[in-house]
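Grab a pencil and work through a few short exercises on the model shown below. Try each task yourself before you read the solution.

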Amino acid sequence: MSRLAAKHDAINLAQGFPDFAAPSEIKEAAVDAVRRDVNQYAITWGAKSFRDALAERYRDVYAMDVDPELHLTVTCGSTEAMISTMLAIVDPGDEVVVFEPFYENYGPDAILSGAVPRYVKLHEPDWHVDTNELEKAFNDKTRAIIINTPNNPTGKVYTRAELEAIAALCQKWDVIAITDEIYEYIVYGGARHVPLASLDGMADRTVTINSLSKTYSVTGWRVGWALASEELSSAIRKVHDFLTVGAAAPLQEAGAVALRLPASYYDKLREGYEVRRDILVKSLDQAGFRCYLPGGAYYIMTDISGFGFPDDVSFGRHLIEKVGVAAVPGSSFYHLPEDGAQKLRFTFCKKRETLDAAAKRLAKLTEEA
Ligand code: PLP
């Protein structure tokens, strides 16, 4: 969709990368690290300064006890953290529970690691988990469950009760929870992120995956991490070492600076996204989309059935070619394409002027009707 958007000069509300500047303090820190000649391999599981800053942050924000020497593996983005984790803990034929709609990498990650995915639906309109259905997905072959909260593509923030139900099932069936918390600071309406690993009994059976990408608007830096018990980390570190050796050394130094930004940085990030969310929801509503209001992350899932197109891909193309706005077809978030055939996902991690320009173009849809 990003390529098609570029070809037709469409405004790209498809891929989740900010079109605004990253914080200047962290850019300066990156430049400074390169100048100081932090230009050789870092320790394979991560520069000490970065791991120390991560451990400090988990302690200060969530009162979590993280040993930077044993529990952290720094990776090339959370993308590498996820595949390294899957390859480290899943054997071919093991089952992995995946909530659907899902972030589109989880399917290929499962295939690459030889896992058999067991899909459990998040139910509209609030994308809740049906605990009976969840229970039925667990059995003797279940090795792991993947959770993503706040969630891409739905904007769902898992409730504490849902997380507790997941935790209880993981403990009952001896299952590892792999939780992608990359949008942890982007939550709306005064809600607060709850790390699954902070629940009773979960620290040793959870792999928490995260990265600098979204919190600090640096998706191109490719610095992420996996937080896990000593035993799980030791397996993840081995896979990681052979996959990539390590993440960019100077950018890990800058990451240590990023992690120590004051609380006001996170408040501004959240408030800025809440304003952008409301702007895009309004323009989409006015243009005839039915929006699922996100509680977190920076995406809006929409229902497009009002437009009368046969499927999401044809409407997505129409939107790019005739209206000049790009979004992601809903089918890319489901294992059965028909389940997402009347949905499109938009992102609002864009400048105010980008969202205003998109609103003007989207208004063409009501003129067309
Ligand atoms: N996980 C989720 C849920 C995402 O939405 C994204 C990017 O859109 C990623 C992971 C990729 O993150 P990274 O840039 O850290 O590899």
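**Exercise 1.** Which helix supplies the largest share of the shell around the ligand?

Solution. Keep in mind that this is a predicted model. Start with the helices that each supply at least two residues of the shell: they are H4 (77-89) and H8 (212-215). Now pick the winner: H4 gives the largest share, three residues. As for the shell itself, 15 residues surround the ligand, and Thr79, Asp180, Tyr183, Ser211 and Ser213 come nearest.

**Exercise 2.** Find side chains with an N or O atom close to an oxygen atom of the ligand, and then work out how much of the ligand the protein covers.

Solution. Take the side chains one by one, using a cut-off of 3.5 Å between N or O atoms for a polar contact.

- Tyr183: its side-chain N or O atom is 2.6 Å from a ligand oxygen.
- Lys214: here the distance from a side-chain N or O atom to a ligand oxygen is 2.7 Å.
- Asn152: a side-chain N or O atom lies 2.8 Å from an oxygen of the ligand.

Next, the cover: on its own the ligand has 400 Å² of accessible area, and the protein covers 92% of that. The ligand takes up the space of the largest pocket.

**Exercise 3.** Place strand E8 in its sheet and name its partners.

Solution. First, write down the strand order: E2-E9-E8-E7-E6-E3-E4-E5, an open sheet of eight strands with mixed pairing. The edges are E2 (72-75) and E5 (128-129), each pairing on one side only. Then look at the two neighbours of E8. E7 (residues 176-180) runs parallel to E8, with four bridges joining them. Across this pair, Ala177 has Thr206 as its bridge partner, while Asp180 stands opposite Ile209. On the other hand, E9 (residues 224-227) pairs with E8 in the antiparallel sense, again over four bridges. There, Asn210 of E8 is matched with Trp225.

**Exercise 4.** Why can we call E8 largely enclosed by the rest of the structure?

Solution. Begin with a general point: side chains in a regular strand alternate between the two faces of the sheet. So sort the residues of E8 by face. On one side are Thr206, Thr208 and Asn210, and on the other Val207, Ile209 and Ser211; every one of these is buried, which leaves both faces covered. Here, buried means under 20% relative accessible area. Finally, count: six of the six residues of E8 (206-211) are buried, so the strand is largely enclosed by the rest of the structure.

Terms used. Residues numbered from 1 in each chain as written. Predicted model: local features only at pLDDT ≥ 70, side-chain atom pairs only at ≥ 80, totals over all residues. Heavy atoms only, no water. Buried < 20%, exposed > 50% of the residue type's maximum accessible area, 1.4 Å probe, protein only. Pairing = 2+ DSSP bridges. Near = heavy atom within 4 Å. Polar contact = N/O pair within 3.5 Å; in protein donor to acceptor, adjacent residues only side chain to side chain. Areas by Shrake-Rupley, 256 points an atom, 1.4 Å probe, with all protein chains shown as cover. 1 Å grid on protein atoms, 1.4 Å probe; cavity = no way out; pocket = protein on both sides within 12 Å on 5 of 7 lines; lining within 4 Å. Sits in = over half its atoms within 2 Å of the grid points.
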